[in-house]
Amino acid sequence: MADIGGIVARLTISEAELNAALKRKQRETANHLQGPGEARQHERRTTPGLPVSRFLAELLHECREPSQNAFIFHFDPARQVLFFAYMPRYDWWQDVNAVLTVLAALSAAGAAPTQAVCMSPHCEDVYAVFDLADGKLAPREGGADEGLVNDYRSEIWRRFDGKLGAFPATEQAIRKRGYYPRSLVSAYKRYLRFVEQQERPGRIKAATREQPYHLGGELFNLLTWDGKVYYPTTGRRAFVELPDADPFTMRAVCGLMADQRHVYAVSRQRGSPIVALKDVDGATFRHLGRAVENVYCIDKNHVYYDLGDGYVDDATSTGLVAGADPASFEYLDFAYGKDGRHVYYRDRALPLDPNAVRLDRHGFIRDDRHVFHYGDRIDMDAPSFQVVAYESETNPFTGTFVLRDKHGRAEYDSCEKRFSRL
């Protein structure tokens, strides 16, 4: 029973329902189809607790080369139709029950009844047919609809790359517009990061000078071999060892690199391209806030501001936020942060109560006594303060604002830092 085959289905489903289904947790693998004994010994299983998108990302990962398995997961938003086909290059019986279980989970999102067919993409062989509806699979009496099977087979071969002589590999397919839904592409990229972390220690251990392992870091280009870490000199004519660096714990954080002992930055001074920042704990160093905002970082002892570009004047230029408590510190937005005692704009404490502070979408922050805009004091009554009008919907946090409090209206030009009562 080592026939060439695959699992194919077409579901009518909305984009919202599909996205919800991809987030749904995987079910325990059900025994929908009895394969040969050898296939049962190596049978793929679902992972209850992980999302359906993770299972599909694993299938994508096994299709990285054109000569490997083929996986079609094409959603047509105009027709609200999902076409699914998974065709392992080798014994498809090992995958069939897990794949059918995931298909049932996808149909539970509100998809209309359809048929899932275990079939050969090359010939007329059909091995099993299931009615698929409301999250349940049932063997179909009377077998497959011949017209549907032919339609499925045509759908499969429409996506065959004749020039390549194979179905597109994953890395090619994800670059094709609409070939896979964005949510699935995102899940696949997350899975790649997971795989990288799982495989990373072995790759680091096996690295040699001839075949080094790249540790990453946009500014650093760190490499490792023989258990040591190196960085390239200007022009990459030679590599210099980074003393006391641990390749196994080296990671990128907020434009910097950190290992279990140190945090590293690029020095603006000649002669010492990469420096370990003084008194910064590498093991606990982490970024606060959204990934695109390199504003605050913390370790177990301190809070740091504006290390995000990766450059420093010297090893003591850590951007320390004096007096800030890392245990209670949180990033707010617009370069504001707070801990249990103070509110900060960048590295400067403001006279605001952290327990009463409010920050609006225009960058104005206030408590019951004071109003500030990007660290500048606005002379208005805080309890009655309002933004009446602003210059740009695209950038609602800059430009000229019309403001109001209990004393009347005012105008504030944030570019010129000019305030006047109207």
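Biologist: T224 stands opposite V229 in β9. What makes β8 and β9 a pair?

Modeller: Two strands pair if DSSP finds at least two bridges between them. β8 and β9 have 3 bridges, in the antiparallel sense. The count meets the rule, so they pair. A strand here is a DSSP run of E with at least two residues; a helix is a run of H or I with at least four; both are numbered from the N terminus.

Biologist: What kind of model is this, and how are residues numbered?

Modeller: It is a predicted model: local features need pLDDT of at least 70 and side-chain atom pairs need 80 or more, while totals for chains, interfaces and linings use all residues. Residues count from 1 along each chain as its sequence is written, and side-chain values use heavy atoms, without hydrogens or water.

Biologist: Which strands make up the open sheet, and in what order?

Modeller: The order is β7-β8-β9-β10, with antiparallel pairing. β7 (213-216) and β8 (residues 222-225) pair over 3 bridges, and Y213 has T224 as its bridge partner in β8. β9 and β10 also pair antiparallel, over 3 bridges. There, P232 is matched with F239 in β10.

Biologist: Why do β7 and β10 count as edges?

Modeller: Each has a single partner strand, so one side of each is left without a neighbour in the sheet.

Biologist: What sits in the hairpin of β8 and β9?

Modeller: There are 2 residues between the strands, and D226 takes a positive phi near 55 degrees.

Biologist: Why is β9 described as largely enclosed?

Modeller: Buried means under 20% relative accessible area, exposed means over 50%, and partly exposed lies in between (1.4 Å probe, protein chains only). In β9 (residues 228-232), 4 of the 5 residues are buried, so the rest of the structure largely encloses the strand.

Biologist: Why are α3 and α7 called roughly perpendicular?

Modeller: Angles run from 0 to 180 degrees between N-to-C directions, with axes fitted to C-alpha atoms, for helices over the stretch in contact. Under 35 degrees is roughly parallel, over 145 roughly antiparallel, 65 to 115 roughly perpendicular, and the rest oblique. α3 (residues 52-61) and α7 (residues 182-206) pack at about 70 degrees, with axes 8 Å apart. So α3 is roughly perpendicular to α7.

Biologist: Which residues of α3 and α7 meet?

Modeller: Contact means heavy atoms within 4.5 Å. In α3, S53, R54 and L56 are among them; in α7, the list includes L184, A187 and Y188.

Biologist: How do you know that E155 and R10 form a salt bridge?

Modeller: The rule asks for a side-chain nitrogen of Lys or Arg within 4 Å of a carboxyl oxygen of Asp or Glu. Here N to O is 3.6 Å, so the pair passes. E155 lies in α5 (residues 146-158) and R10 in β1 (residues 6-12), 145 residues apart. Both belong to a salt-bridge network with D151, R158 and R159.

Biologist: Are E155 and R10 buried or exposed?

Modeller: E155 has 8% relative accessibility, so it is buried. R10 has 19%, so it is buried too.

Biologist: How do you know that R358 and D368 form a salt bridge?

Modeller: Their closest N and O atoms are 3.4 Å apart, so they satisfy the rule. R358 is in β23 (residues 358-359), and D368 is in the loop between β24 (364-366) and β25 (371-373). R358, at 36%, is therefore partly exposed. D368, at 52%, is therefore exposed.

Biologist: How many salt bridges are there by this rule?

Modeller: The count is 18. D76 with R79 is a salt bridge as well, at 3.9 Å between the closest N and O atoms.
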